[in-house]
Amino acid sequence: MLGNDYKWNERFKNFKGTAPEQDGKNASLTHWREIPAIPVVSSEGGIDGKVAQRKPGFKEMKIAMCYILAGAILGAGILYGAGKIPGTAAQVNLSSRTVQQVSVKAVDSSMKMSTAEVYAANVNSVVSINCSGATTNYFGQSVPYASSGSGFIITNDGYIMTNAHVVDGANNIKVTVYSGSTYDATVVGSDTDYDIAVLKINANGLSAVTIGDSSGVNVGDSALVIGNPLGELTFSMSSGIISCANRTINISGVPYQMIQVDTSINAGNSGGPLLNEYGEVIGVVSAKYSSYATNPVEGLGFAIPINDAFSVAKDLMTNKSVTNKACIGITAATLPQAFAQQNGLHGGVYVYSVDKGSAAETAGLQSGDVIVKMDGTNITSMQELSAVKKSHSAGDTVKVEIIRNNQILQLSLTFEAQPSLSSQSN
């Protein structure tokens with residue numbers, strides 16, 4: 001997760017790296033760059049033209065300075081705009097194109113927009129979120145903290161969508177809009193299972209985003225992000241493509257169905273909008289894989305599909321909590337690998353017990369059953385079962401494939417609503 005992971009401290013300013021090792025292995029810090037040696041013809045090389053390596057000396061430095069000076073003169077000539085470098089007969093080609101200002105267009109679902117137009121149409125709907133609160137350290141002491149994230153306006157009277165982890169635990173939340181105005185915000189509702197929260201500020205006449213349809217996302221579509229990276233570079237935009245339209249990832253033991261993108265996402269971007277080339281919001285930026293010196297990772301960002309996120313947001317706005325979470329009514333666990341191999345299975349979920357009067361009992365599930373498929377998705381672990389369950393609401397009906405006494409059975413299960421007080425059953 002990104003939001004609360006970004007704390008206000010000096011860790012970026014004090015970050016130190018190591019130089020490349022002598023054997024030529026990559027450095028652990030990409031900011032460090034070795035100046036390549038300048039090849040020169042060695043006097044020992046004669047006409048063979050062998051190349052020796054030496055460090056740049058005074059002569060090469062003078063050449064470099066000449067290039068810098070020439071660049072400065074050329075730049076001055078362009079600034080004069082006459083097409084001629086003063087004091088010489090040299091001419092340069094200057095563009096005759098008239099710079100066009102980007103006009104703010106209303107989002108039209110039938111018309112594609114340029115990247116600049118998408119930004120202009122949505123930047124006034126994006127907000128910077130700054131939180132403060134207190135956590136308890138290892139010694140039981142209260143430690144203050146500050147964190148940053150992003151969000152976007154979904155109604156013109158001040159409802160804002162963001163990630164739950166951006167505001168989790170905060171007792172003071174400030175929201176800043178593009179004009180620079182800052183508002184106190186309250187949490188209307190938040191759900192960590194879906195990582196969605198809705199905030200409210202006391203304002204009217206705001207510019208709200210246009211909610212799109214994430215079910216129509218295709219791999220290769222444009223993916224644009226506006227947000228608050230690092231908590232300082234407010235209202236920045238980055239662009240890329242959709243890398244995967246439906247990716248299941250696990251974050252701290254919780255499964256999420258995500259849209260994967262290669263768009264640049266950094267700490268502070270959490271909760272911001274993922275936009276398509278029509279200027280519509282198709283996702284809520286939520287997570288990224290981090291880079292490690294031993295296993296570099298780049299271009300792996302994730303967003304919650306807007307169809308899922310907006311459904312949760314509407315429930316939070318109406319009921320202050322998610323009231324239609326799907327529940328099966330079982331106590332279960334991932335099938336042990338040794339047991340699965342012994343029985344010729346690739347995996348599954350073992351049902352330890354079935355709640356009386358639950359959706360599972362009505363469907364015919366029994367203790368000892370092994371769930372291997374649900375709603376057409378192969379189930380090899382509890383994470384996969386939870387992911388399928390999270391993609392449905394109470395009242396939805398799915399087909400469940402189980403193994404009982406070495407026989408494959410097909411059951412029909414209608415999800416019930418999860419009780420308001422969470423229990424250990426699924």
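Strands β9 and β10 run antiparallel and are joined by 6 bridges in this predicted model. Strands count as paired if DSSP finds at least two bridges between them. Helices (H or I, at least four residues) and strands (E, at least two) are DSSP runs, numbered from the N terminus. Within the β9-β10 pairing, L224 stands opposite S239 of β10. Strand β9 also pairs with β12, again in the antiparallel sense, over 2 bridges. Here V225 faces L274 of β12. Of the 6 residues of β9, 5 are buried, so the strand is largely enclosed by the rest of the structure. Buried means under 20% relative accessible area, exposed over 50%, and partly exposed in between (1.4 Å probe, protein chains only).

Residues are numbered from 1 along each chain as its sequence is written. As the model is predicted, local features need pLDDT of at least 70 and side-chain atom pairs count only at pLDDT 80 or more, while totals for chains, interfaces and linings use all residues; side-chain values use heavy atoms, with hydrogens and water left out.

Strand β9 belongs to a closed barrel of 6 strands, ordered β9-β10-β11-β14-β13-β12, with antiparallel pairing. The twist averages 50° from one strand to the next. Axes are lines fitted to C-alpha atoms, for helices over the stretch in contact; angles run from 0 to 180 degrees between N-to-C directions. In this barrel, β11 (residues 254-261) and β14 (residues 301-305) pair in the antiparallel sense over 3 bridges. Residue I259 stands opposite A303 in β14. Helix α7 (residues 382-390) lies across β10 and β11 and runs at about 70° to β11. Helix α4 lies across β13 (281-288) and β14, at about 50° to β14.

A further closed barrel of 6 strands follows the order β3-β4-β5-β8-β7-β6, with antiparallel pairing. Its twist averages 40° from one strand to the next. Strands β5 (residues 159-162) and β8 (residues 196-201) pair in the antiparallel sense over 4 bridges. Residue Y159 has K200 of β8 as its bridge partner. Helix α4 (residues 306-319) packs on this sheet, touching β4 (142-153), β5, β7 (182-191) and β8. Its direction makes about 50° with that of β8. Helix α4 thus appears in the description of both barrels, with contacts to β8 and a position across β14.

Residues Y159 and K200 also interact through their side chains. The charged end of K200 sits over the ring of Y159, 5.4 Å from its centre. The criterion is NZ of Lys or CZ of Arg within 6 Å of the ring centre and within 35 degrees of the ring normal. Likewise, K390 lies over the face of Y194, at 5.3 Å from the ring centre.

Helix α2 (residues 115-122) has E117, V118, A120, A121 and N122 as its buried residues. Their cover includes β3 (126-136), β9 (222-227), β10 (236-251) and β12 (273-275). Contact means heavy atoms within 4.5 Å.

The structure holds 2 aromatic pairs. Rings of Phe, Tyr and Trp (its six-membered ring) pair if their centres lie within 6.5 Å; planes under 30 degrees apart count as stacked, over 60 as edge-to-face and the rest as tilted. Residues Y178 and F235 form an edge-to-face pair, 5.2 Å centre to centre, with 80° between the planes. This pair links distant parts of the chain, 57 residues apart. Residue Y178 lies in the loop between β6 (170-176) and β7, and F235 in the loop between β9 and β10. Y178 is partly exposed, at 41% relative accessibility, whereas F235 is buried, at 13%. Residues Y350 and Y352 also pair edge-to-face, at 4.9 Å centre to centre and 70° between the planes. Y350 is partly exposed at 24%, and Y352 is partly exposed at 47%.

Overall, the protein has 7 helices and 22 strands. Of its 426 residues, 38% count as buried. Among contacts with a separation of 6 or more, 58% come from residues 24 or more positions apart. The protein exposes about 23,900 Å², of which carbon and sulfur atoms supply 51%. Accessible areas come from the Shrake-Rupley method with a 1.4 Å probe; for residues, only the protein chains shown count as cover.
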